[in-house]
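Welcome, and please get your viewer ready. This is a tour in short stops, each with something to select and a look at what is there.

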Amino acid sequence: MNITAEEKIMYEVMKAIYNSGIPIDFKGSMVLKACLIELGYIEEVRHTMDIDVNRSSAPTKIYEVADLCFRGVTPSQMIADKLFVISTDKIFRRIKDLIDLYYMSNVICFNKDDIMNILVNNKRVLGDFNGFLYRKDDLKHAYDKFRLTGNVNKLPFDELYLNVKTYINDVLPRN
């Protein structure tokens with residue numbers, strides 16, 4: 001997986017903030033990419049042009065990318081955040097969370113107990129997954145409109161959807 005020049009600069013900023021002792025933890029796509037790199041995911045992932053911060057008391061870990069260290073949310077916290085979004089109708093505005101869950105499903109085990117504990121600690125309750133489960137055509141439309149930048153292959157929607165659905169199966173409502 002390649003790191004763009006812009007991402008290298010953002011990682012350097014994240015390292016400088018981490019080294020300064022400022023009590024900020026990072027989240028978002030930059031942390032996801034670092035996590036995926038550490039876990040050996042080699043496919044290109046979606047790029048970002050921003051740094052997201054977290055000021056909560058979420059569990060964190062130290063990541064290292066290109067010899068640059070910073071503190072970011074744990075993989076389980078990332079999964080919990082993305083799962084919360086796709087359990088609601090926000091999924092149609094945040095299709096990138098579905099894509100990110102696909103990436104994570106390739107290298108991170110889904111631990112239902114950890115995820116549910118994180119959601120409870122963050123005072124979040126999963127939605128009914130109505131949009132994800134019953135509005136697949138609308139979801140596909142949102143996915144088709146989403147533009148991936150860089151040298152990133154856009155998977156066929158059905159492959160992405162089935163993979164994520166299988167990955168999160170333990171928390172999906174039973175009919």
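Where is the place of Lys123? Select it in this predicted model, and you will find Lys123 in the loop between helix H5 (112-121) and helix H6 (130-134).

**Stop 1: the loop between H5 and H6**

Stay on Lys123 and check the backbone torsions. Its phi is positive, about 55°, although Lys123 is not a glycine. Most residues other than glycine have a negative phi. Is Lys123 buried or exposed? Lys123 is exposed, as its relative accessible area is 76%.

Now select Phe129, which is also placed in the loop between H5 and H6. Phe129 has a positive phi too, near 60°, and is likewise a residue other than glycine. Its surroundings are another matter: with 1% relative accessibility, Phe129 counts as buried. Keep Phe129 displayed, because one of its neighbours comes next.

**Stop 2: Ser87 and Phe92, between H3 and H4**

Select Ser87, in the loop between helix H3 (75-86) and H4. Ser87 is buried, with a relative accessible area of 1%, so a surface view will hide it. What does Ser87 touch, leaving out residues up to four places away in sequence? The list is Leu126, Gly127, Asp128, Phe129 and Asn130. For one specific distance, pick a polar atom of the Ser87 side chain and the backbone nitrogen of Gly127: they lie 2.7 Å apart.

Move along to Phe92, found in the loop between H3 and H4 as well. Show its contacts, again without residues up to four places away in sequence, and you should see Gly131, Arg135, Asp138, Leu139 and Ala142. How far apart are the C-alpha atoms of Phe92 and Leu139? They are separated by 6.2 Å, while the two positions lie 47 residues apart in terms of chain numbering.

**Stop 3: H4 against H7**

Leu139 leads on to a helix pair. Select helix H4 (residues 95-105) together with helix H7 (residues 136-145); they pack at an angle of about 90°, and their axes are 9 Å apart. H4 and H7 are therefore roughly perpendicular to each other. Display the side chains in the contact: H4 brings Ile95, Leu98 and Ile99, and H7 brings Leu139, Ala142 and Tyr143. Colour them by class and you get 6 nonpolar residues, no polar ones and no charged ones.

**Stop 4: H1 against H2**

For a second helix pair, select helix H1 (residues 5-20) and helix H2 (residues 29-38). Their packing angle is about 100°, with the axes 11 Å apart. H1 and H2 are therefore also roughly perpendicular to each other. Which residues meet here? From H1 come Glu7, Met10, Tyr11 and Met14, and from H2 come Met30, Val31, Lys33 and Ala34. By class, this contact has 6 nonpolar, no polar and 2 charged residues.

**Stop 5: His47 and Thr149**

Keep Glu7 on screen and add His47, in the loop between H2 and strand S2 (52-54). A polar contact of 3.2 Å joins the side chains of Glu7 and His47. His47 is buried, with a relative accessible area of 17%, which is under the 20% cut-off. Leaving out residues up to four places away in sequence, His47 touches Thr4, Glu7, Lys33, Thr149, Gly150, Asn151 and Val152.

From that list, select Thr149, in the loop between H7 and helix H8 (157-167). Thr149 counts as partly exposed, at 45% relative accessibility. Then draw a line from its C-alpha atom to that of Asn117: the two atoms are separated by 34 Å, with the residues 32 apart along the chain.

**Stop 6: the S3-S4 hairpin**

Finish with strand S3 (residues 60-65) and strand S4 (residues 68-73). How do they pair? S3 and S4 run in the antiparallel sense over 6 bridges. Lys61 has Gly72 in S4 as its bridge partner, and Val65 stands opposite Leu68 in S4. The two strands form a hairpin with 2 residues between them, and in the turn Ala66 has a positive phi of about 50°.

Conventions. Residues numbered from 1 in each chain as written. Predicted model: local features only at pLDDT ≥ 70, side-chain atom pairs only at ≥ 80, totals over all residues. Heavy atoms only, no water. Axes fitted to C-alpha atoms, helices over the stretch in contact; angles between N-to-C directions. Helix = DSSP H or I, 4+ residues; strand = E, 2+ residues; numbered from the N terminus. Parallel < 35°, antiparallel > 145°, perpendicular 65-115°, else oblique. Contact = heavy atoms within 4.5 Å. Nonpolar A, V, L, I, M, F, W, Y, C, P; charged D, E, K, R; others polar. Buried < 20%, exposed > 50% of the residue type's maximum accessible area, 1.4 Å probe, protein only. Pairing = 2+ DSSP bridges. Polar contact = N/O pair within 3.5 Å; in protein donor to acceptor, adjacent residues only side chain to side chain.
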